[in-house]
Amino acid sequence: CPFEYKIGRVDYFLYEERLIGHFTSTREEPLEIKVEKGLEVQKLYALANGFGEYNEQALWHHDIFKDLIMDIRDERKGYPFMSGVLDISGDYKDTVEVEIRALSSEIRIRSVSNLSTDYSLLENPRIYIRNAYPRARPFSPTNYSSSGKYYDTEREFLSQDIGIYSLYPEMKLYTYPNDIPETELSPGTELVMEYEKEGRTYEKSWSLYPLERNSLVILDLDIR
């Protein structure tokens, strides 16, 4: 993961054609899973930072994972949903590893500069993500959102107005991937900054499209 994260829990689902076992780890150290001889292990699914209970009866076949949907609004701060799947051949060794990746992406605002020629103060600056996609499929082969429903994230205010000196907020926002072809019904994801200037409200936007999962986007924002 290219941005800071924590792992509180990892659930592992081990399959032949059917579910062999569901194992849970609450540590970041590797979990040892012992498999009986004679079982033809095929796949290992891993999901980190999930919560609640899983219906193992509903997960009896691994195909069900392609329909699993996660919502970024259910994530705990600093604990992103992460997932990975491993195809295991019949001649696997004593140890196998599955790589997990975050489903979300971090949009990091490194700096904001006021480059207007009149040096007017940019007051009450706030930033949000427009057309963010809150739901996605962690085991999908594409970055497509799970549906065409999108929303605007909450506005986050910068610590101060912006004058002639650049501000370095290191502000971090999170959203799920979006590489759906842009149309009126599925607009591209944007970063938006709003501010007041001499009593009027303005906004400036920057495209974040296309946005892949498990990515870090660092932005230096210039307001002209």
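A salt bridge is defined here as a side-chain nitrogen of Lys or Arg within 4 Å of a carboxyl oxygen of Asp or Glu. The structure is a predicted model, in which local features require pLDDT of at least 70 and side-chain atom pairs pLDDT 80 or more, whereas totals for chains, interfaces and linings use all residues. Residues are numbered from 1 along each chain as its sequence is written, and side-chain values use heavy atoms, with hydrogens and water left out.

Across the whole structure, 12 salt bridges are found. One of these joins R9 to D11, with the closest N and O atoms 2.7 Å apart. D11 has a relative accessible area of 0% and is therefore buried (buried, under 20%; exposed, over 50%; partly exposed, in between; 1.4 Å probe, protein chains only). A separation of 3.9 Å between the closest N and O atoms is found for the salt bridge of E16 with R18. In this pair, E16 is buried at 17%, while R18 is partly exposed at 44%.

D118 and K197 also form a salt bridge, at 3.8 Å from N to O. D118 lies in the loop between β7 (105–114) and β8 (123–130) and K197 in strand β12 (residues 190–197), so the pair ties together parts that are 79 residues apart in sequence; strands are DSSP runs of E with at least two residues, numbered from the N terminus. D118 is partly exposed, with a relative accessible area of 44%, and K197 is buried at 16%. In addition, a network of salt bridges links R126, R155, E194 and E196.

The second largest pocket holds about 680 Å³ of space (a pocket is an open set of points on a 1 Å grid over the protein atoms alone, where a 1.4 Å probe fits, with protein on both sides within 12 Å along at least five of seven lines; lining residues have an atom within 4 Å of a point). Its lining comprises 23 residues, with K77, G78, K172, L173 and Y174 nearest the centre. Strand β11 contributes the most to this lining, with 3 residues. By class, the lining contains 9 nonpolar, 3 polar and 11 charged residues (charged being Asp, Glu, Lys and Arg; polar including Gly).

On the surface, Y119, I164 and Y165 make a nonpolar patch of about 430 Å² (residues with over 30% relative accessible area and no salt bridge, nonpolar side chains being joined within 5 Å). Y165 is placed in the loop between β10 (156–157) and β11 (171–175), and its relative accessibility of 68% classes Y165 as exposed.

Terms used:
Patch = residues over 30% accessible without salt bridge, like charges linked within 9 Å, V, L, I, M, F, W, Y side chains within 5 Å. Areas by Shrake-Rupley, 256 points an atom, 1.4 Å probe, with all protein chains shown as cover. Helix = DSSP H or I, 4+ residues; strand = E, 2+ residues; numbered from the N terminus. Points joined across faces, edges and corners; volume = space filled by probe spheres on them.
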